[in-house]
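Trainee: I should like to understand how the terms used for a ligand site are justified. May we go through them one at a time?

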Amino acid sequence: MKMKKFLSIVFAAAIALNLAACGSSTTPAASAGSGSAGSSGSASSSDNLIVVGFSQVGAESDWRTANTKSMQDTFTEDKGYKLIFDDAQQKQENQITAIRNFIQQEVDYIVLAPVTETGWDTVLKEAKDAGIPVIIVDRMIDVSDDSLYTAWVGSNFRSEGDEAVAWMESNLSSTDPVNIVHIQGTIGSSAQIGRSEALVDGAAKHSNWNIIAQQSGEFTQAKGQEVMESVLKQYSDIDVVYCENDNEAFGAIDAIEAAGKTCGVNGDIKVISFDATHAGLTQTLAGKINYDVECNPLHGPRVEAIIQDLEAGKTPEKLAYVDENAFDATTITQAIIDARAY
Ligand code: GYE
C-alpha cells in the first residue's frame with residue numbers, strides 16, 4: 001500500500017512536471033483531497049479509495065473472529081476501499097483513541113462496533129464536527145443525540161434472549177424448582193443487556209425458576225469456565241446454565257465435565273447458548289448444547305451497503321435488524337451446519 005501510494009505520488013509529480021513543461025496551467029491529476037466525509041472523490045488516499053476506519057471490540061470470541069473476517073473480506077482495495085482496522089482488546093478507552101486517530105487521518109467513514117452502550121457522546125461529537133459519518137455495527141450505543149451516528153446494523157438481542165427463554169419454558173419443569181446459572185456477557189454491552197433482561201424477566205414469570213448465580217464470563221471461554229468452576233463448587237443441584245455466547249458455553253461444558261457431571265441432552269445440566277457459530281453448532285449436534293440461538297456476524301456487506309447508499313447521496317435506514325434463527329440439539333443436522341457461512 002505504501003509503495004502504491006509512493007508510486008502514485010511520483011506519477012502525479014511526473015504529470016505536473018510534464019504539464020509545466022508544456023506551459024499548461026491545468027491542475028495535476030491525483031491531487032490529494034481533503035478526505036472530507038461522504039465523498040470517495042476527496043478521499044485522503046491519493047488513489048481514490050474510500051477510507052474506512054473500523055474500531056473493533058476485540059477478538060474475544062468465535063463470533064468476533066467471523067465478524068472481523070467479514071469486514072476485512074468486504075473492505076478490500078480491489079473493491080475500492082482502504083480499511084484501517086483497530087482491535088480495542090475489549091477496552092472502551094482504546095476505541096475512543098482509535099476513533100480520534102481516524103478523525104486525524106481524515107478517513108471517509110468511521111465504523112464502530114462498540115464494546116458498551118454508553119460513553120460515546122464526546123468522541124462521536126468530535127467525529128460529527130469533523131464531518132465524518134459514523135456507522136455503528138453489532139451492539140448499539142446509547143447517546144443523547146441520535147444524529148451522532150448515521151446508521152446502525154445489528155441484532156435484536158432481546159428477541160434472541162426471548163427465544164432462549166421460550167425454549168426453557170417448553171423444556172423445563174413447570175412445577176419443580178429449576179436452578180439456573182447465568183453466565184453473562186461483557187457487562188453494559190447490548191448483547192449482554194438484551195440477553196440478560198430476557199432471562200431475568202423470564203425468571204420473574206416463573207416462581208419455580210431460581211437464578212442461583214449470575215456473573216460475567218466476558219464472552220470468553222476462559223472466563224466462562226472459571227465462573228462455572230466456582231459455581232459448581234458452591235452448588236450441587238444445577239439444572240441449567242444460560243451462557244450468553246458460545247465461547248462461554250465451551251468453558252462451562254469443560255468445567256461441568258471436569259467436575260464429573262454431564263451436560264446437554266440427557267445430561268445433568270442443560271446448556272443454553274447464543275451465536276450459533278460453527279463450533280457452537282458442532283457442540284449442539286454433539287448434544288452438549290441444548291439450544292443455540294443464532295447471532296449473525298456477517299456485517300461486512302451490510303455496512304458496505306450503507307456506505308454505498310451514502311456515496312450515492314441516499315439516506316440509509318437508521319436502524320436495521322438482522323433476521324436470525326435458533327437451533328435445537330434434537331433437530332439439528334450436519335447438513336445444516338455445513339450449509340452455514342460461519
Ligand atoms: O454474541 C459474542 C461477542 O456483540 C453480538 O459479542 C456480539 C457478541 C457475541 O463476543 O460472542
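Trainee: What makes the space taken by the ligand a cavity?

Mentor: In this predicted model, a cavity is a set of grid points where a 1.4 Å probe fits but cannot get out. The space taken by the ligand is the largest cavity. Helix 2 (62-74) and helix 6 (190-205) are the elements that each give two or more residues to the shell around the ligand.

Trainee: Why is the pair between the ligand and Asp 275 called a polar contact?

Mentor: The cut-off for a pair of N or O atoms is 3.5 Å. An oxygen atom of the ligand is 2.6 Å from an N or O atom in the side chain of Asp 275, so the pair counts as a polar contact. For the side chains of Asp 138 and Asn 245, the distance from a ligand oxygen to an N or O atom is 2.8 Å, so these pairs also qualify.

Trainee: How much of the ligand does the protein bury?

Mentor: Taken alone, the ligand exposes 300 Å², and the protein buries 100% of that.

Trainee: Which classes make up the shell around the ligand?

Mentor: The shell has six charged, five nonpolar and two polar residues.

Definitions and conventions: Residues are numbered from 1 along each chain as its sequence is written. This is a predicted model: local features need pLDDT of at least 70, side-chain atom pairs count only at pLDDT 80 or more; totals for chains, interfaces and linings use all residues. Side-chain values use heavy atoms; hydrogens and water are left out. A polar contact is a pair of N or O atoms within 3.5 Å; within protein, one must be able to donate a hydrogen and the other to accept it, and residues adjacent in sequence count only if both atoms are side-chain atoms. Accessible areas come from the Shrake-Rupley method with a 1.4 Å probe; for residues, only the protein chains shown count as cover. On a 1 Å grid over the protein atoms alone, a cavity is a set of points where a 1.4 Å probe fits but cannot get out, and a pocket is an open set with protein on both sides within 12 Å along at least five of seven lines; lining residues have an atom within 4 Å of a point. A molecule sits in a cavity or pocket if more than half of its atoms lie within 2 Å of its grid points. Helices (H or I, at least four residues) and strands (E, at least two) are DSSP runs, numbered from the N terminus. Ala, Val, Leu, Ile, Met, Phe, Trp, Tyr, Cys and Pro count as nonpolar, Asp, Glu, Lys and Arg as charged, and the others, Gly among them, as polar.
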